[in-house]
Each structure stands twice: as structure tokens, then as C-alpha cells.
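Welcome, and please open your viewer before reading on. We will go from stop to stop, and at each one you will hear what to select and what to look for.

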Amino acid sequence: MDWGIKNRLARIIKPQTGRTVMLAVDHGYFLGPTKKLENVSRTIEPLMNYADALMLTRGILRTSVDPETSVPVVLRVSGGSSIIGEDLSNEVITTSIEDAIRLNVAAIALSIFVGSEYESQTLESLAELVNMGQEFGIPVLAVTAVGKELSKRDSRFLSLACRIAAEFGASFVKTYYCEDFEKVVESCPVPIVIAGGPKLETELDAFEMAHDAINKGAVGVDMGRNIWQNNNPVAMLKAVRAVVHKNASPAEALEIFNKNKK
Ligand code: R5P
């Protein structure tokens with residue numbers, strides 16, 4: 001692996017633990033003003049100190065993030081469909097590699113929609129992005145998107161999607177946690193982070209998911225709604241950090257959450 005790619009990846013996946021807690025705030029690229037993310041700068045300001053990386057689009061980066069931040073950026077560079085449109089999978093590359101470099105990002109991220117009508121288009125985009133990333137030493141995060149079909153979140157489908165992403169040259173992959181998650185990890189030769197998905201019923205549910213994913217081989221989380229849709233987002237992020245970086249149990253994480261909540 002090229003030095004630049006390794007160096008940028010090490011800014012995201014912390015070498016001290018080999019793990020990462022990414023904060024995902026890119027939802028607006030197809031959802032618009034998501035609940036509790038209406039004003040992104042207000043939402044992320046108290047969380048910045050506890051995130052290993054920030055995932056977002058260039059529009060939000062330029063308008064809502066202090067350029068003096070030291071938190072590495074994972075830039076979402078795919079899009080093209082909205083939640084009220086016909087087909088969420090109809091995505092293309094939305095941001096040039098030159099602009100990503102201008103923004104000094106640590107990685108670029110794109111969704112692939114395996115099994116959808118636009119499967120080929122999104123996989124071609126992944127191939128193109130990896131080619132560009134290789135040229136300039138920027139790692140690519142492939143996101144195994146499922147569109148509106150949340151039922152696709154099983155190990156058979158996610159193993160297929162993650163493996164294809166790795167075969168195409170993604171440096172790391174973001175997917176969902178699922179039953180038999182170890183099978184997804186086993187057949188994917190690059191690091192995997194999990195998305196949180198829609199807000200779970202309790203804090204403990206989120207800690208259990210993060211804990212089980214780490215135990216089964218994920219290198220971390222790229223979590224959004226379960227952090228910032230909680231009434232105590234800082235407490236939530238601190239507790240998830242303990243699970244990811246310190247192997248805290250779900251019960252210990254809940255203790256940390258309760259100690260830090262307002
Ligand atoms: C969705 O497509 C975005 O890529 C989000 O970054 C991702 O789903 C993670 O956020 P959440 O934990 O809210 O699912």
C-alpha cells in the first residue's frame with residue numbers, strides 16, 4: 001500500500017488501538033434536514049473532541065466545520081438521488097478528486113448498491129474512484145448501501161457486497177451489523193466499520209451492537225443517528241468510544257453514559 005494511503009488511513013483508524021470511532025453526518029445528501037441534523041455545525045460542535053473522523057459532504061464541510069479542526073475528514077463523494085425520488089441507488093460521483101485534495105481529506109467515500117438496478121453504475125464509480133484515489137494516495141471507503149430495503153441487511157448479502165468492494169480496491173468498507181457478522185468480516189480482506197442505522201430503542205441496544213461488531217472483527221463504527229439523535233449525544237459518543245477503543249462491555253458503556261449524561 002502506498003505511503004500516502006497508509007498515512008491517511010492511520011489518521012482515521014488509530015494505530016494505538018487499530019480502531020476508529022467515526023461520526024457520520026452525511027445524511028443530508030439524500031435525506032435533507034434529518035431530525036437533529038437540521039443545523040450541522042450546532043450538532044457537531046460539542047462532539048468534535050470525541051470523534052476520530054468526521055464523515056460528511058463538501059457542502060457541509062465548507063459551510064459548517066471550522067477549517068482549523070484537526071479531526072480527519074472522510075468526504076462523501078457520491079449522490080444523485082433523494083429519499084422522495086424514484087430510486088435511491090441511482091448514484092454517481094459528485095465531487096472531483098481535485099476538490100477532495102483541496103479540502104485536505106483523509107479519505108473519500110462512495111455508496112455501492114449491489115443487487116440494485118444501478119449496481120453496475122455504482123460499481124463503475126467505485127472503480128473510477130479507486131483509480132483516482134490510487135493516483136493521489138487517498139483511501140476509498142466503500143459504503144454497502146441497501147437503499148430503502150433494510151431487509152437486505154443479512155450476512156449473505158453484506159458478505160457479497162463487502163467482498164466486491166474489497167475486490168474493487170476499496171481501502172476500507174462500511175456496512176451494517178448483522179447476525180453471523182463474523183462471516184462478513186472473514187471474507188472481506190480490508191477493514192470493516194459498521195453504520196449505526198436508524199436510532200435504536202435504548203442506549204444499551206446501541207452499545208451491544210457496537211460491542212458485538214467489534215468482538216466479531218469490525219475495526220470500529222461510523223455512527224450517526226444513534227449518537228446525535230440521542231438527547232445526550234456527548235455521553236453517547238464517550239460510551240461508544242469506550243466500547244471501541246477500550247473493549248468496554250455494554251453494561252460498562254451504559255455506566256459511562258449515565259455518568260456523563262446531563
Ligand atoms: C447513510 O447512507 C450515511 O452514509 C450514514 O453515514 C450512515 O448510514 C451512518 O449513519 P447512521 O449511523 O445514522 O446509520
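Start with Asp180, which sits in the loop between β8 (172-176) and α8 (181-186). Bear in mind that you are looking at a predicted model. Asp180 has a positive phi of about 60°, although it is not a glycine. Is Asp180 buried, exposed or partly exposed? Asp180 counts as partly exposed because 14 other C-beta atoms lie within 10 Å, and the partly exposed class falls between 12 or fewer for exposed and 20 or more for buried.

Now select Asn104, another residue that has a positive phi without being a glycine; here the angle is about 55°. You will find Asn104 in the loop between α5 (97-102) and β6 (107-112). Asn104 is exposed, as there are 12 other C-beta atoms within 10 Å.

From that loop, move along to Ile108. Leaving out neighbours within four places in sequence, Ile108 touches Leu75, Val77, Ala100, Leu129, Gly133, Ile138 and Val140. Ile108 also belongs to the largest nonpolar core, a set of 87 residues, where Met22, Val74 and Ile108 have the most contacts. The largest share of this core is seven residues, and they come from α11. In soluble globular proteins, nonpolar side chains tend to be buried together.

Before the helices, one more single residue: select Asp212, which lies in helix α9 (residues 203-215). Asp212 is partly exposed, with 17 other C-beta atoms within 10 Å. Beyond its neighbours within four places in sequence, Asp212 is in contact with Tyr177 and Phe181. If you would like to try the distance tool, pick the C-alpha atoms of Asp212 and Val146: they are 21 Å apart in space and 66 residues apart in sequence.

Next come three helix pairs. Two packed helices are described by the angle between their axes and the distance between the axes.

**α9 and α11.** Keep α9 selected and add α11: their axes come within 9 Å and cross at roughly 25°. α9 is therefore roughly parallel to α11, since angles under 35 degrees count that way. To see the contact, show Glu203, Phe207, Ala210, His211 and Ile214 of α9 with Met236, Ala239, Val240, Val243 and Val244 of α11. By class, this contact of α9 with α11 has eight nonpolar residues, one polar and one charged.

**α9 and α12.** Swap α11 for α12. α9 and α12 pack at an angle of about 135°, with axes 9 Å apart, and that makes α9 oblique to α12. On the α9 side, colour Glu203, Leu204, Phe207, Glu208 and His211; on the α12 side, colour Pro250, Ala253, Leu254 and Phe257. The residues in the contact of α9 with α12 divide into six nonpolar, one polar and two charged.

**α11 and α12.** For the last pair, show helix α11 (residues 233-246) with helix α12 (residues 250-260). They pack at an angle of about 150° with their axes 8 Å apart. How do α11 and α12 run, roughly parallel or roughly antiparallel? They are roughly antiparallel to each other, because angles over 145 degrees fall in that class. Here α11 passes α12 in a right-handed crossing. Val234, Ala235, Met236, Lys238, Ala239, Ala242 and Val243 of α11 meet Glu252, Ala253, Ile256, Phe257 and Asn260 of α12. Sorted by class, the contact of α11 with α12 holds nine nonpolar residues, one polar and two charged.

Terms used: Residues numbered from 1 in each chain as written. Predicted model: local features only at pLDDT ≥ 70, side-chain atom pairs only at ≥ 80, totals over all residues. Axes fitted to C-alpha atoms, helices over the stretch in contact; angles between N-to-C directions. Helix = DSSP H or I, 4+ residues; strand = E, 2+ residues; numbered from the N terminus. Parallel < 35°, antiparallel > 145°, perpendicular 65-115°, else oblique. Left-handed = near helix turned anticlockwise from the far one by under 90°. Contact = placed C-beta atoms within 7 Å. Nonpolar A, V, L, I, M, F, W, Y, C, P; charged D, E, K, R; others polar. Core = buried A, V, L, I, M, F, W, Y, C linked by C-beta atoms within 7 Å.
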